[in-house]
Amino acid sequence: METVFHLEGACRSFGAVRALREVDLTVEKGERVALIGASGSGKTTLLRLIGAQLAPDAGAVRVMESDPLGLGEGGLRHLRSRLAFLPQDLGLVPNLRVIQNVVAGRCGRRSLWGTLRDLILPGVEARREIFALLERVGIAEKMYDRLDTLSGGQRQRVAVARALFQEPVALLADEPVSAVDPARARNLLELLSQLCEEEGLTLVVSMHQLELAKEFFPRLVGLKEGRVTFDGSTGELSEDQLTELFRLEGGGGAG
Amino acid sequence: MNGLGTMWRGKRLVVLALLVIFAACAVRLGPKVVGLSEGADPFGAMGRFFGAAFAPSFADQNPSLPPDATPFLERMGSDLLRTFRYAFIAMSLAVPTALVLGFFSSSAWWPGAMTYGRPGGSRRLLRGVLRGLRWSCRLLITLCRSIHELVWAMFFLSAVGDAPGTACVALALPFAGTLGKVFSELIDEQRQGPRAALLATGASPMQAFAATLLPQALPDLLTYVLYRFECALRSSAVLGFIGVETIGLGIRRSFNNLYFGEVWTQLYVLMIVVIAVDVIGARLRDRLNRGVLRRRAVAATSGSPPATERALRRTAPRDWLVRGGVLVTLGLVLLSWNLGERLTTDLSARQRSDRMGRFLTKLTPEPARPADKLAATGERLAALREHRGEVATWAADLWKRNGARALLTTVAIATAAIILAGLGTALLLPLGSRALARGEPFGVLGTATGAVRLFWEGLGFLTRGIFVLARSVPEYIYAFLLVALLGPSAWPLVFALAIHNVGILGRLWGEVMENERPEPSQQWVRSGASRGQTYLGSLAPLSFNRFLLFFFYRWETCVREATILGMLAISSLGYYISISRNYFHYDQMLFYVLLGAAVIFAGDLLSDWLRRRLRGGVVMS
């Protein structure tokens, strides 16, 4: 199997806050992993570390067999262009059309002029591709509508379509279902799992809803205060490990 | 209401300090408000002038014109067209320049976005170079802004000769500065999420700018450009007062001949034009923010076949009005460059360089002037270096003789004017507020009768109308009229600046109040407070910091304007600037201009700092 992400003793601090402490993690190609933990446990930092957006203070990071620290700007761009990232706020531009938001996903492999052309007069090939993608996520009829006329769920689908248009090796999603009602959360996770299975994508999602994580992800990684507390298949997870994961430090089971 | 004390804590001190400062400025400017010569009758003149407001004239008031002279309306029409033309040309120069300057002084292209790990030596060097570029852009922006367009125009016209093109370039310079500054602020204050998302997928900072920040900022950029166009129209009109043939020249001529009816006709036309642009701007902002909706739904019913990409594209919602507007604007820009009188002078290259050389010689401080009027640059610089000490004494002498006094007066005029405007606006604001000036303030307690409702809504409309009218006429024209009516003292300038700024503050502060949360004020109304109490107890203190923000921003513009207005009355730097120009003492003129620029530069930094302290990242220029 091919290793997509590999962390060894990775640490990262922001000022005095130690967000990650000596984290070891290996993710193989095609795996679907949920990072679970309370807020502030270091999930987002871990995602940004494996997404080559943030460098570790200490320890080693390897993304698709290469060390991002050793890459120049061009190499880094190329590496990032193969990692799709779904931020919590989706990162879409509200006053642009759906197609313009989706087409921007391929910036990493295009020149500046190519991007400008895509935004203003997208080519036939790109249009056909985007239409097909939007059909797959179920909002093809919105292709030429302004993003701010879409509902929250539809916007999430636009973000997913943008990630797929990027043709990535792996898809990283930061808390995609935290601000969403349960039905929509289930819907989105179903869509993500299905797409990743079809495309053979590696999927790493951070979340704090344990039930959903157990339902959709074969592998769970628990984080607490910047440390990995468990890492294994969903079936192996015991009740004790669970209560431990969400217990507040020093509070003795507050709340 | 015991809330009053706590709500105004600290703010009372600010108000008190402003009143004390106003008193100090008033003492500095002296008690003489009317400065006419013996025997003059200011009230009679004023009566005649304001009486003519109700009888604008549509034909020449001059009875002894030759029969083949161009009639008044036609003259006014072509003056107005020229005013538009120069504003268009200036804006078409200023906007592209400002885009470049604004982009490079924003943080959008900052390669820091791509940094990963610790920066190496070469990257640190690159960053140093880029930081230098960024700061030089900011410096350039501030320099362009610190010198008023009229001063640029006077320099250029003296250096190159009377040509409308030079006036346009002069107009474009400070506009490019202001636009550039606001562009960079607008770009920086957009939501950074979309940009970060693209950078995470390997986009370069430039690509991320093109695909996220630029489209995000575009509605604001366009409306701001339109607002500046409105300003350009006013400035273009004012250029008439130094001889460029725009509507300002017509106003001056008519006024000097005491044809007050003609003056008012031209003033009304200018107001209508400016207000029309204002209204178009408001509509545009609304439309861009809302977008247009899809007219026809494609495959809306579940039974019909799925829509094709082609059909979707064909029926995509497109705002033809905005697109058409952009095309028309481009067309008008092309027309303004190519139709009408020539923009350049008829001088030959040799004549032009002679003229430039003589100008440069006169611009050199007197002690360091080369004997040869057409000396080469090297000789000029050598002479300057040689007579360094004498130039310093010359400058110190000017500073002691007039400079210091004029500088102080300029600042005093601007400060007194903005405080006066602030007071006036604070008084008028509750009457013009959409929330207060209505039957039921803040929509609570629905007991108002029809008459009460009509009264308050009428009053609100009227007050907002006063704001609009007050800001539609440039300060310079107010000052020209007031100086003519009251005589040349500093106070007419203060009043002129104050009137214009009441209009501007009225709009800015009104918007601040409308954006304020209504709940606290509704609470006041519910507990029985009157409109005045609600305003003083809740609305005003809640919006106070943002009021101050705009207050300081306007103070800075007032200093810029006060420098210029002095040309009309015997005070402030403007007087010495125009006097030295009239005697061709360009060296002294340059000295006073630089003095003014230094004040504005300092004011710029000061108000920037104050604004950042009051609240980060609010844009309005």
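Colleague: Let's start with the interface. How many residues does each chain put into the contact between A and B?

Modeller: This is a predicted model, and in it chain B brings 32 residues to the contact while chain A brings 40.

Colleague: Which elements of chain B give two or more residues to the side that touches chain A?

Modeller: Those are α8 (193-200), α9 (205-239) and α12 (309-314) of chain B. The top contributor to that side is α9(B), with eight residues.

Colleague: And how do the residues on that side of chain B divide into nonpolar, polar and charged?

Modeller: You get 20 nonpolar, nine polar and three charged.

Colleague: Fine. Now chain B as a whole: how many helices and strands does its secondary structure come to?

Modeller: Chain B has 23 helices and zero strands.

Colleague: How do I read its radius of gyration?

Modeller: Set it against what a compact globule of that length would have. For 621 residues that would be near 25 Å, and chain B comes out at 27 Å, so the two agree. Its C-alpha atoms fill a box of roughly 90 × 70 × 60 Å along the principal axes. Buried residues make up 40% of the 621 in chain B. Among its contacts with a separation of 6 or more, 75% join residues 24 or more positions apart.

Colleague: One residue to finish: is A:S111 buried or exposed?

Modeller: Count the C-beta atoms around its own; 12 or fewer within 10 Å makes a residue exposed. A:S111 has 12 others within that distance, so it is exposed. You'll find A:S111 in the loop between α3 (98-103) and α4 (112-120) of chain A.

Definitions and conventions. Residues are numbered from 1 along each chain as its sequence is written. Chains are lettered from A and ligands numbered from 1 in the order in which they are written. This is a predicted model: local features need pLDDT of at least 70, side-chain atom pairs count only at pLDDT 80 or more; totals for chains, interfaces and linings use all residues. Two residues are in contact if their C-beta atoms, placed from the backbone, lie within 7 Å. Helices (H or I, at least four residues) and strands (E, at least two) are DSSP runs, numbered from the N terminus. Ala, Val, Leu, Ile, Met, Phe, Trp, Tyr, Cys and Pro count as nonpolar, Asp, Glu, Lys and Arg as charged, and the others, Gly among them, as polar. A residue is buried if 20 or more other C-beta atoms lie within 10 Å of its own, exposed if 12 or fewer, and partly exposed in between; C-beta atoms are placed from the backbone. The radius of gyration is taken over C-alpha atoms; the globule rule is 2.2 Å times the number of residues to the power 0.38.
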